[in-house]
Structures are given as structure tokens and as C-alpha cells.
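I opened my notebook to look at pockets, cysteines and one helix. Here is what I looked up, entry by entry.

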Amino acid sequence: MENQTSTYNRTQILNSVLKNGARLSNTFGTLSVYYCMFGIILEKTWGCEGKLNTIVAGTSTGLLYKASSGLRNCGIGGLIGFSLATVFSLVTSKNKIKEIG
């Protein structure tokens with residue numbers, strides 16, 4: 001009886017991954033395209049790469065991704081994008097922060 005339960009659980013996990021995997025990959029793919037698009041536009045417009053480009057691209061990605069969900073959700077998406085981009089910028093510039101401090 002225990003063997004049937006583990007087989008059933010494995011089947012449930014596999015079905016869940018296959019059912020939700022396409023949706024998640026579509027979401028991450030869309031976010032990646034938006035982020036890269038904004039990054040390229042900002043780099044060509046401002047003529048340099050920098051942490052500010054990362055933060056602006058992340059914020060813009062969140063805003064654009066949630067733009068069709070209303071103003072409140074758009075703001076939340078922008079805030080999430082800003083937060084993730086800022087954390088990424090801080091983590092990747094750890095050496096510069098140590099040099100300043």
C-alpha cells in the first residue's frame with residue numbers, strides 16, 4: 001500500500017510540474033525580454049552601462065509587465081522590479097562598497 005502512495009505522489013508532482021511549467025517559463029521569458037529591451041534602450045540612449053541602468057530597467061520591466069492589471073498592480077510591479085534590481089546591484093557591487101567603507 002505504501003508503494004502505491006509514493007507512486008501516486010510522484011505522479012501528482014510530475015503532473016503539477018508539467019501543468020505549471022509552461023506558464024512559469026512563459027512569464028520568465030517575457031520578463032527577460034522586457035528587461036533586455038529596456039537595458040539596450042537605456043545603454044544606447046545614455047551611452048554607458050551602469051547600476052542606474054539596471055535599476056531603471058528593472059523598475060520599467062515591473063511597470064510594463066503589470067501595466068494591464070490596473071494602476072495599483074502596475075505600481076506594485078514597478079516596486080518589485082525596483083527592489084530586485086537594487087538588491088542585484090548591491091550584491092554585484094559588494095567589492096566597491098568594501099573599498100568605500
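Which helices each supply at least two residues of the lining of the second largest pocket? I found that α1 and α2 each do so. Helices here are DSSP runs (H or I, at least four residues), numbered from the N terminus.

Ground rules first. I am reading a predicted model, where local features need pLDDT of at least 70 and side-chain atom pairs count only at pLDDT 80 or more, while totals for chains, interfaces and linings use all residues. Residues are numbered from 1 along each chain as its sequence is written, and side-chain values use heavy atoms, with hydrogens and water left out.

**Entry: the second largest pocket**

I looked up what a pocket is. On a 1 Å grid over the protein atoms alone, it is an open set of points where a 1.4 Å probe fits, with protein on both sides within 12 Å along at least five of seven lines. Lining residues have an atom within 4 Å of a point. The volume is the space filled by probe spheres set on the points, which are joined across faces, edges and corners.

The second largest pocket has about 150 Å³. Its lining includes Y35, C36, N53, T54 and A57. Helix α1 gives the most, with 5 residues. By class I noted 4 nonpolar, 4 polar and 2 charged. Nonpolar covers Ala, Val, Leu, Ile, Met, Phe, Trp, Tyr, Cys and Pro; charged covers Asp, Glu, Lys and Arg; the others, Gly among them, are polar.

**Entry: the largest pocket**

This one holds about 400 Å³ of space. Of its 18 lining residues, L31, G62, I80, G81 and L84 are the closest to the centre. Two or more residues come from each of α1 (2-46), α2 (51-65) and α3 (71-92). The largest share, 8 residues, is from α3. The lining has 9 nonpolar, 8 polar and 1 charged residues.

**Entry: helix α2**

I checked the length of α2. The expected span is 1.5 Å times one less than the number of residues. For the 15 residues of α2 that should be 21 Å, and the end C-alpha atoms are 21 Å apart, so the two agree.

Next I checked burial. Buried means under 20% relative accessible area, exposed over 50%, and partly exposed in between (1.4 Å probe, protein chains only). The buried residues of α2 include N53, I55, G58 and G62.

T54 sits in α2 and is buried at 14%. I listed its contacts (heavy atoms within 4.5 Å). Leaving aside neighbours within four places in sequence, T54 is in contact with Y35, A85, F88 and S89.

A57 is in α2 too. Its relative accessibility is 1%, so A57 counts as buried. Not counting residues up to four places away in sequence, A57 touches Y35, F38, G39 and L42. A57 and G81 are 24 residues apart in sequence, but 8.3 Å apart in space, C-alpha to C-alpha.

**Entry: the cysteines**

How many disulfides does the structure hold? I found 0. A disulfide is a pair of cysteine sulfur atoms within 2.5 Å.

C36 is in no disulfide, and the nearest cysteine sulfur, that of C48, is 18 Å away. C36 is partly exposed, at 44% relative accessibility.

Why does C74 have no bond to its closest cysteine sulfur? That sulfur is in C36, 20 Å from the sulfur of C74, so it is too far for a bond. C74 is buried, at 15% relative accessibility.
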